[in-house]
Amino acid sequence: MSDPMLSENQEEVRIPDELPVLPLRDMVVYPFIIAPLSVARALSIQAVDQALSENRMILLTSQRDKDNDDPDGEDLYTTGTVAVIMRMLKLPDGRIRVLVQGVCRARITEITGTRPFITAKIERLADQPHDPNSIEREALQRSVKRLLERATGLGKNLPSEVMVIANNLEDPGRLADLTASNLDLQLEECQQVLETLDPIARLRRVHDFLKRELDLLSMQREIDSLARDEMDRSQREYYLRHQMKAIQTELGEGNELSEEVEQYRFKASKMKMPADAKEEFERQLRKLERMHPDSSEATTVRNYLDWLTTLPWGKTTRDNLDLVKAKTILDEDHYGLDKIKERILEYLAVRKLKKKSKGPILCFVGPPGVGKTSLGRSIARALGRKFARLSLGGVKDEAEIRGHRRTYVGAMPGRIIQGLHQGESANPVFMLDEVDKIGADYRGDPSSALLEVLDPEQNFAFRDHYLGVPYDLSDVMFITTANLLDPIQPAFRDRMEIIRLSGYTEEEKLIIAQRHLVPRQVDENGLSDERIEFSDNALKAIISDYTREAGLRNLERLIASVCRKVARQVAEGRKTKVRIIASSLEGYLGPAPATREEALKEDQIGAATGLAWTETGGDVLFIEATTMDGRGNLILTGQLGDVMKESAQAALSYARTYAGELGIPAGYFEDRDIHIHIPEGAIPKDGPSAGITIATAMLSVFTQRPVRRDIAMTGEITLRGNVLPVGGIKEKVLAARRSGVSNLILPESNRKNLDDIPKAIRRELEFFFVKNIREVFDIALQGADRLRVSESPVGQETLQPMH
């Protein structure tokens, strides 16, 4: 906009009722404002000529569509400004330039002509009256004047005379027009100001536009400042780099960045990268070439390229397909574990017949210390592959598996890619330890992330978040380990082939100790076979009297303890060989811990021996029952879980239902409370396996008949007295044998599980398979009047013990 020229007597000028119309493109002229106009269209030039030939007055109104070269009355805003043409200049190209000054607002009431130029009847629009003493008017005027000064300070190009006039204006409407004419507003916003006849409302609207303009100017200044600083820094770096380049040239040194890029290309040329990885590599390399070598982003790109060029793309080891040699290696490292060894040999046989086969995904489930992790190393050695291991215990962040995206500071690939990088092979044996102890929180679920890793249909294109390109995991042999299956997600468990590792028998422990544990501890404690010797009886005594475990860890700790004490004797000057025998163990290890079977040296009323399964293997469980005066309540102690409490309630309900048949006096339960207790109350206990044991202890108290101390039992009970199958039979049988129990009562449906138990152990024990709780009572309870099986509500066959 141009400078304003104010005249006090303009408002007294008489305005004709009909005037020629000059359409304006993308601008609005306000009253009392002087503005230059360039006129090129024929109808506009003729309108100007007509105005000059009459009274020099013309109506200025804006087009709704600025691109319309031939507007008519419908294309124009109805509110415009009556202006006086002050000067006119014709240009050589036919255009004219005019200088106009706004007089007043006017509204088109009727278009009277469109050719050769537009004419219209108009009515003059006056400002609405306002209170000159209004506080709002004064506040708005001061605010607008102050904001104009701030805009000038922020770089707004306002002529000095505009500021002088604005500071002297007291009319809010004219101040609003003056300010609006000097702001960069949209056409619609300018038209809103023109059409607002209330001076206070007009000034308020302009005040809002001015505040927005100030915000834009502040942001523009900030951006300009940052850009200027960046430009100065870039120019300085450019100048310094050229200086450094000149110095390097004088010293005969090459361009380090170019050499680095060439080194990356040389590394990539020797790798079997897939097409996607090559494309991403080239893209990142080109980005590095354009960067300053010392910038932080260049360091991030270098780290990424380092990972891409050091991963084992297509780098595999040859499998050892000699089945006899592989079996020999497996037998050297581990005793027993026939099922696992057989599965590995089957895999090798398939690889021998079919070169390209998917790697199996095995899950070893068993108590601690049975050799799950060491078995993975042995499998890798038997196959001739590299070994990588990842412990998942306590892992809660999904990024541990899939990696972090490169946008994060310190981002790295996930542990899967890191394991392959460390193993320097694309087909290692990859062990995922403790998959049953994976956590989950707001950062994601690692178990769900592992679904892609362990699915042969997906892992050929595993996409790590950091790499951003697919990586083939189909050649990797994944082995997972767990103590329990229950915590593992069903979808995760479904992708794995489950192989259970039960606890070792005492005979197996003896052989393992002789072959592996004793030689290892002798060597680790600086001894030799000439210094120490363990007798078989000593090892047996350690196994049976000092350790009660499914695995071997405590056994190895005790052997190590003996070796350390002998090492001290040797260090103090002993020359003779030390032979460890059973009778000398107390001097090295102290007295043997009291075993729990010592508490059952005789048959007792209300004390039955049960069998339980724990994550550390099988265990023996003693269940005690007693009655006292009361009101027929059932009291349960010993930290029992909900399932075990329900088993106790079912056993009591069965006894009360068939009290007469079981020999329980009438009215026995009305004035007696029954108390069931399982010792070791600090240890939580749960599960259905103790159902028949609780029922036996209860009936022993109710009928005052002792329970045989040489019998242990396991099985779930129903309200009808049926005995249901349970799990963990092998672990429970081994636990009973360790505890010196020779007779076992098992559910009939578990008869097939005896195939998992070594024949030598089966020959030592006597098994009774039952279908109904009455059979259990007949076997376990002593007394002349034994209950007969035929008395059961469900008929059963005669019992036959199995040896």
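Let's start at a single helix of this predicted model: on one side of α3, S160 and N168 are exposed. What about the residues that face the other way? In helix α3, which runs over residues 160-168, V162, M163 and A166 are buried. These three cover an arc of only 100° around the axis, so they sit on the same side of α3. The spacing behind such a pattern is a familiar one: an α-helix has 3.6 residues a turn, so residues three or four places apart point the same way.

Which helices help to cover the buried residues of α3? Among the elements that do so are α2 (135-153) and α4 (172-181).

Now let's step back to the whole chain. The protein holds 25 helices and 24 strands. Its radius of gyration is 48 Å, well over the 28 Å that the globule rule gives for 803 residues, so the protein is more spread out than a compact globule. Along the principal axes, the C-alpha atoms fill a box of roughly 140 × 90 × 55 Å.

Inside that outline, buried residues make up 49% of the 803 residues. If you count contacts between residues at least 6 apart in sequence, 74% of them join residues at least 24 apart.

The outside can be described in similar terms. The accessible surface comes to about 40,000 Å², and carbon and sulfur atoms account for 48% of that area. As for charge, there are 112 positive and 125 negative side chains, and the centres of these two sets lie 6 Å apart.

Definitions and conventions. Residues numbered from 1 in each chain as written. Predicted model: local features only at pLDDT ≥ 70, side-chain atom pairs only at ≥ 80, totals over all residues. Heavy atoms only, no water. Helix = DSSP H or I, 4+ residues; strand = E, 2+ residues; numbered from the N terminus. Rg over C-alpha atoms; globule rule 2.2 N^0.38 Å. Buried < 20%, exposed > 50% of the residue type's maximum accessible area, 1.4 Å probe, protein only. Contact = heavy atoms within 4.5 Å. Areas by Shrake-Rupley, 256 points an atom, 1.4 Å probe, with all protein chains shown as cover. Lys, Arg positive; Asp, Glu negative; His and termini not counted. Charge placed at Lys NZ, Arg CZ, Asp CG, Glu CD. Arc of directions from axis to C-beta.
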